[in-house]
Amino acid sequence: MSEPVISPMADVRRHLADVIDRAHRDATPTIITRRGKQEAVVIDIDEYQRLRDLAEKTEDAWLNQLADEAEAEGLEGSVSLEEMAAALRAHHA
């Protein structure tokens, strides 16, 4: 992935097709600013999916580690991995 281009929202609006082409063709993300503050980023859909998959795998590994640690400690009243994942997702929503 190339270094991101930082661009104000007004420029992105005027050149949206170019921003999307750059993300897809060159794997160059565009960070969109509004009033000088970074607000969003445009990346290629394949990169987005790769990042989502990585986040899910990382979360699953972390939850499995927590479950293994709880099981090793023999905690009473522990919850299943599915219950723990649902609770964490609800907390982050």
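## Salt bridges, strands and a buried threonine

Let's start with a charged pair: Arg 25 and Asp 26 form a salt bridge, with their closest N and O atoms 3.3 Å apart. Keep in mind as we go that this is a predicted model. Arg 25 is exposed, at 59% relative accessibility, while Asp 26 is partly exposed, with a relative accessible area of 37%. In general, side chains of opposite charge can pair when their charged atoms come close.

That pair has company, since the count of salt bridges comes to six. Another of them sits in helix α1. Here the side chains of Asp 11 and Arg 14 meet at 2.2 Å, N to O. Why can these two reach each other along the helix? They are three residues apart in α1 (residues 9-14), so about one helical turn separates them. Asp 11 is partly exposed, with 28% relative accessible area, and Arg 14 is exposed at 57%.

A further salt bridge links Glu 39 and Arg 34, with an N to O distance of 3.6 Å. Glu 39 is partly exposed, with a relative accessible area of 37%, and so is Arg 34, where the value is 39%. This pair takes us to the strands, as Glu 39 falls within the residue range of β3, 37-42, and Arg 34 within that of β2, 30-34.

So how do the strands go together? Take β2 and β3: they pair in the antiparallel sense, over five bridges. You can pick out individual partners across this pairing. Ile 31 stands opposite Val 41 in β3, and Thr 33 has Gln 38 in β3 as its bridge partner. The two strands form a hairpin with two residues between them.

Have a look at Arg 35 in that turn. Its phi is near 55°, a positive value in a residue other than glycine. Arg 35 is found in the loop between β2 and β3, and it's out in the open: the relative accessible area is 82%, which means it counts as exposed.

Ala 27 shows the same kind of backbone feature, with a positive phi near 55° in a residue that isn't glycine. Its place is in the loop between α2 (16-26) and β2. Ala 27 is partly exposed, with 37% relative accessibility.

Now for the other neighbour of β2. Strand β1 (residues 5-8) is joined to β2 by four bridges, and these two strands run parallel. Val 5 has Thr 30 in β2 as its bridge partner. With β1 pairing with β2 and β3 pairing with β2 as well, how enclosed is β2 itself? Four of its five residues are buried, so β2 is largely enclosed by the rest of the structure.

Ser 7 gives a view from the β1 side. This residue lies in strand β1 and is buried, because its relative accessible area of 11% is under the 20% cut-off. Setting aside neighbours within four places in sequence, Ser 7 is in contact with Val 12, Thr 30, Ile 31, Ile 32 and Thr 33.

One of those contacts, Thr 30, deserves a stop of its own. Thr 30 has its place in strand β2. Is Thr 30 buried or exposed? It is buried, with a relative accessible area of 0%. What surrounds Thr 30, then? Not counting residues up to four places away in sequence, Thr 30 touches Val 5, Ser 7, Val 12, Val 19, Arg 22, Ala 40, Val 41 and Val 42.

Two of these names you've already met in β1: Val 5 is the bridge partner of Thr 30, and Ser 7 lists Thr 30 among its own contacts. Arg 22 adds something else, as a polar contact of 3.0 Å joins its side chain to that of Thr 30. So at this one spot in β2 you find a residue that is buried at 0% relative accessible area and whose side chain has a polar contact with Arg 22.

Notes: Residues are numbered from 1 along each chain as its sequence is written. This is a predicted model: local features need pLDDT of at least 70, side-chain atom pairs count only at pLDDT 80 or more; totals for chains, interfaces and linings use all residues. Side-chain values use heavy atoms; hydrogens and water are left out. Buried means under 20% relative accessible area, exposed over 50%, partly exposed in between (1.4 Å probe, protein chains only). A polar contact is a pair of N or O atoms within 3.5 Å; within protein, one must be able to donate a hydrogen and the other to accept it, and residues adjacent in sequence count only if both atoms are side-chain atoms. Contact means heavy atoms within 4.5 Å. A salt bridge is a side-chain nitrogen of Lys or Arg within 4 Å of a carboxyl oxygen of Asp or Glu. Two strands pair if DSSP finds at least two bridges between them.
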